[in-house]
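Me: I am new to this structure. Can you walk me through how to read it, starting with the core?
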Amino acid sequence: MHYKLTAPLVGAALVATGASAHDSGIRADGHAPIGVMGDHMHEAGEVMFSYRYMNMQMEGSRDGTDELSPETIVTTVANPFFGTPGQPPTLRVVPTEMTMQMHMFGMMYAPTDWLTLMAMASYVDKSMDHITFQGGMGTTVLGGFTTESSGFGDTRVGGLIGLYDDEIHHVHFNAGLSIPTGSITEDDDVLAPTGDRPTLRLPYPMQLGSGTVDLMPGMTYTGKSGKFGWGAQAIGTVRLGRNSESYSLGDGFEATAWGSYSPWPWISFSGRVKGSSLGQIDGQDPLIVAPVQTADPDNQGGQQIFMLGGINLVGQEGFLRNQRLAVEVGLPVYRDLNGPQLETDLVVTVGYQIAF
């Protein structure tokens, strides 16, 4: 078996020789599950456009691995802003549900076999339901309210740099950068424990971006043999300083591994496990001050593990050739959160890709 090493220092001449991990035929398992970004490279001159829709559902609060009721939160969790005028000693507002919808528009272009450039823009729509308890102490419910925010999120750009390629195995380096195009100054009307309805700066989970330039380095490995495929990816997120509102989101790390089975070239089924870790917020937005858990910089991040299943479809001939449709559904199997904070219960990603 002949192997080849591909990297900028080696040059395109070596890339053009020997076996390639890219088949001349089109296979549904030629790409990773749709929830994995930056998983594959393209041959020189190829272009791919993609659209992904992600829906994330969150319900109920968790501190560490323990679930907490709203009544427990407002009677036992201290308000970190107590002492500020108008702030009660305990939390009095509790989020109960959150829905996040994200539309992601991507493009990939390969100027050479060893380098694939990529960019992705996103539009985000968030909604969070809350219960407000009367001011002071106790568990008397005053009412409920919903906050919403929507707009463009942060923009990701980067490159995939080929490191190794043979008939079975492929390895590349993910060089990513997140540009802070998403707003971090969203506001909305709320129901305060006093019964007032002021317009306030929304807490951190309801903002649309990080506000910082973020490095996103990583590594991706893929392999395939016969009707089976597999792969793994590790991606980090490193915040470069604080944003204009005096804070930075926590650094993050995500690792995932998957396997797939393709009974016919036009369809493949995948199973995937994903683990993630996100740190607490560094600093504080001086305008995010409220007796609600989402306003506390310490109640952010944690560790989670998800199991996901997916289907990839790809057109083989005619108009549908090189067009892909994919879906992936994920459920949590482990959550250890820096809480109290809302827990994620379901993630669904649907995507369409077309290559030229």
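Reply: Happily. Keep in mind that this is a predicted model. The largest nonpolar core holds 17 residues. Those with the most contacts inside this core are M54, M56, M98, M100 and M102.

Me: Which elements give two or more residues to this core?
Reply: They are strand 2 (47-64), strand 4 (93-112), strand 5 (115-133), strand 17 (302-314) and strand 18 (323-355). Strand 4 gives the largest share, four residues.

Me: Is there another core to look at?
Reply: Yes. Apart from the largest core lies another, of 13 residues. V93, Y247, I281 and I288 are among them.

Me: Back to one residue. What is M56 in contact with, leaving aside its neighbours within four places in sequence?
Reply: M56 is in contact with M98, T99, M100, T344, L346 and V347.

Me: Now the whole protein. How many helices and strands does it have?
Reply: Two helices and 18 strands. The radius of gyration is 23 Å, close to the 21 Å from the globule rule for 356 residues, so the protein is as compact as a globular protein of that length. Its C-alpha atoms fill a box of roughly 75 × 40 × 35 Å along the principal axes.

Me: What share of the residues is buried?
Reply: Buried residues make up 47% of the 356. Look at contacts too. Take those between residues at least 6 apart in sequence: 70% of them join residues at least 24 apart.

Me: How do I look for empty space?
Reply: Rolling a probe the size of a water molecule over the atoms shows where empty space is left. Here, the structure holds three cavities of 30 Å³ or more. The second largest cavity has a volume of about 90 Å³.

Me: Which residues are closest to the centre of the second largest cavity?
Reply: Of the 14 that line this cavity, S50, R52, M108, M118 and M120 are closest to its centre. Strand 2, strand 4 and strand 5 each give two or more residues to the lining. By class, the lining divides into seven nonpolar, five polar and two charged residues.

Me: And what is the volume of the second largest pocket?
Reply: About 400 Å³. The second largest pocket is lined by 26 residues. V190, A192, L200, A290 and P291 lie nearest its centre. Strand 6 (141-152) and strand 10 (199-201) are the elements that give two or more residues to this lining.

Me: How many of the residues lining this pocket are nonpolar, polar and charged?
Reply: The lining of the second largest pocket has 18 nonpolar, six polar and two charged residues.

Conventions: Residues are numbered from 1 along each chain as its sequence is written. This is a predicted model: local features need pLDDT of at least 70, side-chain atom pairs count only at pLDDT 80 or more; totals for chains, interfaces and linings use all residues. Side-chain values use heavy atoms; hydrogens and water are left out. On a 1 Å grid over the protein atoms alone, a cavity is a set of points where a 1.4 Å probe fits but cannot get out, and a pocket is an open set with protein on both sides within 12 Å along at least five of seven lines; lining residues have an atom within 4 Å of a point. Grid points are joined across faces, edges and corners, and a volume is the space filled by probe spheres set on the points. Ala, Val, Leu, Ile, Met, Phe, Trp, Tyr, Cys and Pro count as nonpolar, Asp, Glu, Lys and Arg as charged, and the others, Gly among them, as polar. A nonpolar core is a set of buried Ala, Val, Leu, Ile, Met, Phe, Trp, Tyr and Cys residues joined through side-chain atoms within 4.5 Å. Buried means under 20% relative accessible area, exposed over 50%, partly exposed in between (1.4 Å probe, protein chains only). Contact means heavy atoms within 4.5 Å. The radius of gyration is taken over C-alpha atoms; the globule rule is 2.2 Å times the number of residues to the power 0.38.
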